[in-house]
Amino acid sequence: MPHKRRERFADTAAVHSKNIPSGPDNISGIYPTALYLRISCEEAANGEKLNNQKDLLLSYAKSQNDLKIVDIYSDNGETGTSFNRPEWNRLMADVKRKHISCIVVKDLSRFGRNYIETGNYLEIVFPVLNVRFIAVNDNYDSNKLESNALQPLDTMIKGIINEAYAKDISRKIFTAKEIQRRNGLYYGNVPPYGYLKDPAEPHRLIVNPETSPTVKQIFQRKLEGMGSFQIARLLNESNIPSPMRYQFLAGAVKAPRYENSIWQGITVKTILRNRTYTGDLAMGKKRRNLSANLTKTRNIPCEDWTITEYTHEAIISRETFFEVQRVCMREQERNRAKCYCHSDIGTTDVISVHEPVKQFRESGVSP
């Protein structure tokens, strides 16, 4: 699968690893084999199951006399446009430890949909590590490439098709979510703290009686003049589980790092800024291109958010919410003024900014 961008090595650390696997067992000729399974969130939502891939790969591996299954690696709900996946990373770590010398997948699209990175693995990483790679449905076996001179070209074309498919899916998902936003439907994975997904209609939010009182307390404390970090400290002292710890205790998230997570000032600020608590849905705040090999989302300016009013029951009145926003803005301006006052820059522009701040302080009026 030739291409010009040789400087972009997929899993460069693996290429430079000193512990290079030696391929099959020199005595028995048996390959320690990993079965790799992957489906995206969208595929899972459409009913596709990892068990379908698992059954296919188990049947294939058992039919081959030179493959010995060591482990099965399953990425459920992970995009194919990025190789930063938990189970794939674990698999590559086992490859570097010489535990695996053959990888079997259902087809190339399960392996990855990014043409450049997929090509780097097939052309550079796996040959350097002496790893055999098999894509069952695509009839691809890196040990048998010489038997079909056109197979590398065929693989390259399939890689380009897979990436084009990912771009098309990205556009369709964006369009579908845009329609959901305009219809006031909630499509996030985890509902905002204080709400639950309606069991009868997952795209509708209902008030959580366990956590909504804490949301009200946070807004009330802010109106009383408490800072966000003070509120967080108060909640921790009251032994109220933080949002992610609550999700962990409820079984909604499994990552151990959330088991003992605590309230932070930034968590309080996020709640105070969330208009969802007024009964309105503000969606489309972030965006990520599914067809690009990106690990970060892009923040969308607030004027471009899609806001739909009266979509669910409010926890906080609109009057309270917008009054809190004014309190936060005044607090932010005071903090900014303090930064100016303690600045060491002695230009006339800075002095002109300091003067009104001094006047505010002398008169006792908040900016």
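Here's a quick briefing on the sheet, the helices packed on it, a buried arginine and some salt bridges. Keep in mind that this is a predicted model. At its heart for our purposes is an open sheet of 5 strands with mixed pairing, and the structure holds 14 salt bridges.

**The sheet**
- Reading across the sheet, the strand order is β2-β1-β3-β4-β5.
- The edges are β2 (67–76) and β5 (140–141), each of which pairs on one side only.
- Strand β4 (residues 132–135) pairs with β5 in the antiparallel sense, over 2 bridges.
- If you want a spot to look at there, Ile134 stands opposite Asp141 in β5.

**Helices lying across it**
- Helix α3 (residues 50–63) lies across β1 (31–39), β2, β3 (102–105) and β4, and runs at about 160° to β1.
- Helix α4 (residues 86–96) lies across β1, β2 and β3, at about 150° to β2.

**Arg110, a buried arginine**
- You'll find Arg110 in helix α5 (residues 108–111).
- Arg110 counts as buried because its relative accessibility is 4%, and the cut-off for buried is under 20%.
- Leaving aside neighbours within four places in sequence, Arg110 is in contact with Tyr36, Arg38, Ile39, Glu43, Glu48, Gln53 and Arg85.
- One of those contacts has a polar side to it: a polar atom of the Arg110 side chain lies 2.9 Å from the backbone oxygen of Arg38.
- The Arg110 side chain also meets that of Asp107 in a salt bridge (3.8 Å, N to O).
- Asp107 counts as buried too, at 13% relative accessibility.
- For a sense of spacing, the C-alpha atoms of Arg110 and Thr79 are separated by 9.5 Å, with the two residues 31 apart along the chain.

**Other salt bridges**
- Asp71 forms a salt bridge with Arg90, with the closest N and O atoms 3.1 Å apart.
- Asp71 sits in strand β2 and Arg90 in helix α4, so this pair ties together parts 19 residues apart in sequence.
- Both ends are partly exposed: Asp71 has a relative accessible area of 26%, and Arg90 has 31%.
- Further along, the side chains of Lys222 and Glu331 meet in a salt bridge (3.0 Å, N to O).
- Lys222 belongs to helix α8 (residues 212–223) and Glu331 to helix α12 (residues 318–341), so the pair links parts that are 109 residues apart in sequence.
- Lys222 is buried, with a relative accessible area of 1%, whereas Glu331 counts as partly exposed at 22%.
- Arg275, Asp280, Glu309 and Arg318 are joined into one network by salt bridges that share partners.

Key:
Residues numbered from 1 in each chain as written. Predicted model: local features only at pLDDT ≥ 70, side-chain atom pairs only at ≥ 80, totals over all residues. Heavy atoms only, no water. Helix = DSSP H or I, 4+ residues; strand = E, 2+ residues; numbered from the N terminus. Buried < 20%, exposed > 50% of the residue type's maximum accessible area, 1.4 Å probe, protein only. Contact = heavy atoms within 4.5 Å. Polar contact = N/O pair within 3.5 Å; in protein donor to acceptor, adjacent residues only side chain to side chain. Pairing = 2+ DSSP bridges. Axes fitted to C-alpha atoms, helices over the stretch in contact; angles between N-to-C directions. Salt bridge = Lys/Arg side-chain N within 4 Å of Asp/Glu carboxyl O.
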